[in-house]
Amino acid sequence: MTGREIALATLHREDVPLPCITSCWVTHSAYISRVIGRDYRQDPEAGFCEFVRRTGANFVPQWYYPKEAQRRLEQREIMHETRRHEAAGFRSPEDVRDWIEELPEDEAIEREFDLEQAAEGYAQTIIAHSEMMGPDVLVIDGFGQADFMGAYTRFGYENYLAAAALYPERMRHYYHTSAVGARLKNHAVVQAIEEQTLAPFVYGGQDICGSGGPLMSPAMLRELYFPELKWAMEPLIDAGVGVIWHCDGDIRPILDDLLDLGIMGLQGFEEEHGPRWEDMCALTDPDGEPMGVWGCVSVTSTLPHGTPEDVRRAVERSFEAAGLGRGHVLSSTSSILPETPMENIDALFEHAHQFGREFLGG
C-alpha cells in the first residue's frame, strides 16, 4: 500500500498495517531546513513538500507551513500588537452592530456565487497539492463554516462579545450571513469530491474555547451560533463527507453540540485544560461507530518542555488508547512552534513510524 492508501484506509476506519501520520503543522523552519538539507526559506512551499516526504508523514490535512511571522519569531524579534480592529473603526459594540446591519442579503450572496467555478477551484487546489506531494501523501482541504473566530479578529474580543450580549439578533444575523456563503461553498466541495473522485473528507474548525471553556456561554452559542453552523455543514453531512473538527481549549461544555453537527472525527485536545485523550477515544459518531481521533502529542507541554522519552511515551499512549480500526491518526495537538527542541520533533516522527508499525502489526 502507498502512504496515500494507508491514510485513506485509516480515515475510512479500516484496519491498516502501517500508521497514518500527519505533517503535524511544524512551524519550526530551522528544523525543516535541517531535515531537507537546505534553507527552507529559499522556496517554502517546495521545502514543505520535501519535508513531509522525508519525515515519512503520509497525510496533509491542511496546506500549512511557516511563513514570515514564524521566521520573525525564530529570530527572537519582538512583535507588537497592532490592534487592527481599532484602525478599521471598531471601537465599541455599537460599531460592530452598525457594520453587521450593512451586510448583504442572502439573495445577493447567492447571486454572486459561482458553484461551478468554486467546485473547480477547490478540486484543482487539492489535485495540484497532491501532485506536488506524490503518491505517498494524502492531501485534503477545509470546508465552509459559519464564522466565529474571524469575528474576534475583525472586531476585537471585547467589542465582539459585548455586541453578542447587547445585540444578540445582530450577532445572529452575522453568523447567518457567514453561514450562507459557507453552505454554498460546501455544495461546491461536495460537487468537487464527486466529480473528481477526491478523498471524501474535510478538516477544519473554529477556535471557540480557551483554557476556561467557551469564550461565549454555551447557552448563547446554542441560541445564536450552532444552528447556523449546522445548517452551513448540511450539504457535507447529507453527502456523507466525513468532517474532522479541530478542538481547542476546554471543549467539554460544548462537546455534545460539536457531535450534534454530524462530524465523524475530532483532532487536537488540549488535555492541560480538561479533555482527556482516553475520554475522546471512547466517543462514537452519529451512526454509533467509533469517533475518528487525531492526536495526541501536546504542543504546549510534552513537545516543547519534555524529553524525547516523554514524546515517545506520548506517541505510544496515543496508539494504545485509540486502539485498532477507529480512524486513529497520529498527530500533534496543534502547531509545533520554533521553541520546540529538534530532538523532540525527531522522536515524534521516528517513534510514530516505529511503534505504529509494531502496534498495527505491519
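Me: Is Gln-267 buried or exposed?
Reply: Keep in mind that this is a predicted model. Gln-267 is found in strand β7, which covers residues 265–268. Buried means under 20% relative accessible area, and Gln-267 comes in at 0%. So Gln-267 counts as buried.

Me: Which side chain makes a polar contact with the side chain of Gln-267?
Reply: Two polar links of this side chain are worth a look. One reaches the backbone oxygen of Ser-332 at 3.3 Å, but that's backbone. The side-chain partner sits at 2.7 Å, and it is Tyr-203.

Me: What else is Gln-267 in contact with, leaving aside its neighbours within four places in sequence?
Reply: The list includes Trp-25, Ile-244, Trp-245, His-246 and Cys-247. Also among them are Trp-294 and the run Ser-331, Ser-332, Thr-333 and Ser-334. Tyr-203, the polar partner from before, is on the contact list too.

Me: Ser-331 is on that list, so where is Ser-331 found?
Reply: Ser-331 is buried, with a relative accessible area of 0%. Leaving aside its neighbours within four places in sequence, its contacts include Thr-22, Cys-24, Trp-25 and Gln-267. Trp-294, Gly-295, Cys-296 and Val-297 are also among them. As for its element, Ser-331 is found in residues 329–332, strand β9.

Me: Which residues are the closest to the centre of the largest pocket?
Reply: The largest pocket holds about 580 Å³ of space. Its lining has 27 residues, and those closest to the centre are Met-149, Tyr-203, Asp-207, His-246 and Ser-334.

Me: Which elements give two or more residues to the lining of the largest pocket?
Reply: By class, that lining has twelve nonpolar, eleven polar and four charged residues. The elements that give two or more of the lining residues are α9 (149–155), β3 (201–204), β4 (209–210) and β6 (242–247).

Me: What lines the largest cavity?
Reply: The count comes to one cavity of 30 Å³ or more, and the largest has about 30 Å³ of space. Its lining divides into four nonpolar, three polar and one charged residue. Both α1 (3–11) and β8 (292–297) supply at least two of the lining residues. The full lining is Thr-10, Leu-11, Arg-13, Ile-244, Met-264, Gly-292, Trp-294 and Gly-327.

Me: Is Ala-118 buried, partly exposed or exposed?
Reply: The place of Ala-118 is in helix α8, residues 115–133. Not counting residues up to four places away in sequence, Ala-118 touches Phe-113 and Ala-188. Its relative accessibility is 24%, and the class between 20% and 50% is partly exposed. Ala-118 therefore counts as partly exposed.

Me: What separates the C-alpha atoms of Ala-118 and Ala-192?
Reply: Along the chain, these two residues are 74 residues apart. In space, their C-alpha atoms are separated by 8.5 Å.

Me: Why is the protein chain as compact as a globular protein of that length?
Reply: The secondary structure of the protein chain comes to 17 helices and nine strands. For 362 residues the globule rule gives 21 Å, so a chain close to that value is as compact as a globular protein of that length. The radius of gyration of this chain is 21 Å.

Me: How many of the residues in the protein chain are buried, as a percentage?
Reply: The C-alpha atoms fill a box of roughly 55 × 45 × 40 Å, taken along the principal axes. Among contacts between residues at least 6 apart in sequence, 77% join residues at least 24 apart. Out of the 362 residues, the buried share is 52%.

How values were computed:
Residues are numbered from 1 along each chain as its sequence is written. This is a predicted model: local features need pLDDT of at least 70, side-chain atom pairs count only at pLDDT 80 or more; totals for chains, interfaces and linings use all residues. Side-chain values use heavy atoms; hydrogens and water are left out. On a 1 Å grid over the protein atoms alone, a cavity is a set of points where a 1.4 Å probe fits but cannot get out, and a pocket is an open set with protein on both sides within 12 Å along at least five of seven lines; lining residues have an atom within 4 Å of a point. Grid points are joined across faces, edges and corners, and a volume is the space filled by probe spheres set on the points. Helices (H or I, at least four residues) and strands (E, at least two) are DSSP runs, numbered from the N terminus. Ala, Val, Leu, Ile, Met, Phe, Trp, Tyr, Cys and Pro count as nonpolar, Asp, Glu, Lys and Arg as charged, and the others, Gly among them, as polar. Buried means under 20% relative accessible area, exposed over 50%, partly exposed in between (1.4 Å probe, protein chains only). A polar contact is a pair of N or O atoms within 3.5 Å; within protein, one must be able to donate a hydrogen and the other to accept it, and residues adjacent in sequence count only if both atoms are side-chain atoms. Contact means heavy atoms within 4.5 Å. The radius of gyration is taken over C-alpha atoms; the globule rule is 2.2 Å times the number of residues to the power 0.38.
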